[in-house]
Amino acid sequence: MTAGVQQDVLDLLTEQHQQIRTLFGQLGRAEGTQKRELFEELVRLLAGHEGAEEVEAMAPTRPHPHTGESAQANLLAGPPLALFDRMRDAVRDWRERQKGED
């Protein structure tokens with residue numbers, strides 16, 4: 001993942017942390033229908049945030065020219081591409097070890 005894209009993802013996660021803190025504060029003061037709506041918004045935000053936290057941990061090891069530069073594109077494409085990258089790296093490392101044993 002490029003440094004710019006990584007920063008975009010980190011900025012997104014930081015912004016979401018602030019939104020979550022704000023929602024918790026509002027939720028504590030809300031009542032009735034507003035409390036339910038804030039809770040549902042918090043659940044949606046936390047679900048998306050969890051995925052982003054996992055995308056950061058499983059980000060691709062290389063930039064991929066077809067995913068785009070937006071944080072959203074990388075959040076969506078990151079996990080499958082990261083898996084592919086790691087498999088490709090494992091095969092490459094295995095081949096190099098095999099050559100060294102010959």
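In this predicted model, the side chains of Glu40 and Arg36 come together in a salt bridge, with 3.1 Å from N to O. The two residues lie 4 residues apart in helix H2, so about one helical turn separates them. Their surroundings differ in the class of exposure: Glu40 counts as partly exposed at 33% relative accessibility, while Arg36 is exposed, with a relative accessible area of 58%. For Arg36, that class follows because the value lies over the 50% taken as the limit for exposed residues. Glu40 falls between the two limits of 20% and 50%, and is therefore placed in the partly exposed class.

This pair belongs to a total of 3 salt bridges in the structure. Another joins Asp89 to Arg92, where the closest N and O atoms are 3.2 Å apart. These partners are 3 residues apart in helix H3, which spans residues 71-101, so they too are separated by about one helical turn. Between the side chains of Asp89 and Arg92 there is also a polar contact of 3.2 Å. Asp89, a residue of helix H3, is buried, with a relative accessible area of 15%. The assignment holds because 15% is under the 20% limit for buried residues. Its partner Arg92 is partly exposed, at 37% relative accessible area. Arg92 forms a salt bridge with Asp93 as well, and here the closest N and O atoms are 3.1 Å apart. Asp93 is partly exposed, with a relative accessible area of 30%. Through shared partners, the salt bridges link Asp89, Arg92 and Asp93 into one network.

It helps to place these pairs in the overall fold. The secondary structure of the chain amounts to 3 helices and 0 strands, and the order of elements from the N terminus is α-α-α. Of the 102 residues in the chain, 26% count as buried. The chain exposes about 7200 Å², and 56% of this area is supplied by carbon and sulfur atoms. When contacts between residues at least 6 apart in sequence are considered, 59% of them join residues at least 24 apart.

What makes up the largest nonpolar core? This core has 7 residues, namely Ile20, Leu23, Leu27, Ala30, Leu38, Leu42 and Leu45. Two or more of its residues come from each of helix H1, covering residues 3-29, and helix H2. In soluble globular proteins, nonpolar side chains tend to be buried together. Leu38 offers a view of the core from a single residue: leaving aside residues up to four places away in sequence, Leu38 touches Leu23, Gln26, Leu27 and Ala30. Of these partners, Leu23, Leu27 and Ala30 are listed with Leu38 in the core.

Several further positions in helix H2 can be related to residues earlier in the chain. Glu41 is found in helix H2 and is partly exposed, with a relative accessible area of 40%. The C-alpha atoms of Glu41 and Ile20 are separated by 9.5 Å, with these positions 21 residues apart along the chain. Val43 also has its place in helix H2 and counts as partly exposed at 43% relative accessibility. From Val43 to Ile20 the C-alpha distance is 9.6 Å, for a sequence separation of 23 residues. Ile20, the reference point for both distances, is one of the residues of the largest nonpolar core.

Gly48 extends this picture along helix H2, which runs over residues 32-57. Is Gly48 buried, partly exposed or exposed? Gly48 is partly exposed, because its relative accessible area of 41% falls between the limits of 20% and 50%. Gly48 and Gln16 are 32 residues apart in sequence, and their C-alpha atoms are 9.4 Å apart in space.

Note on methods. Residues numbered from 1 in each chain as written. Predicted model: local features only at pLDDT ≥ 70, side-chain atom pairs only at ≥ 80, totals over all residues. Heavy atoms only, no water. Buried < 20%, exposed > 50% of the residue type's maximum accessible area, 1.4 Å probe, protein only. Contact = heavy atoms within 4.5 Å. Areas by Shrake-Rupley, 256 points an atom, 1.4 Å probe, with all protein chains shown as cover. Core = buried A, V, L, I, M, F, W, Y, C linked by side-chain atoms within 4.5 Å. Salt bridge = Lys/Arg side-chain N within 4 Å of Asp/Glu carboxyl O. Polar contact = N/O pair within 3.5 Å; in protein donor to acceptor, adjacent residues only side chain to side chain.
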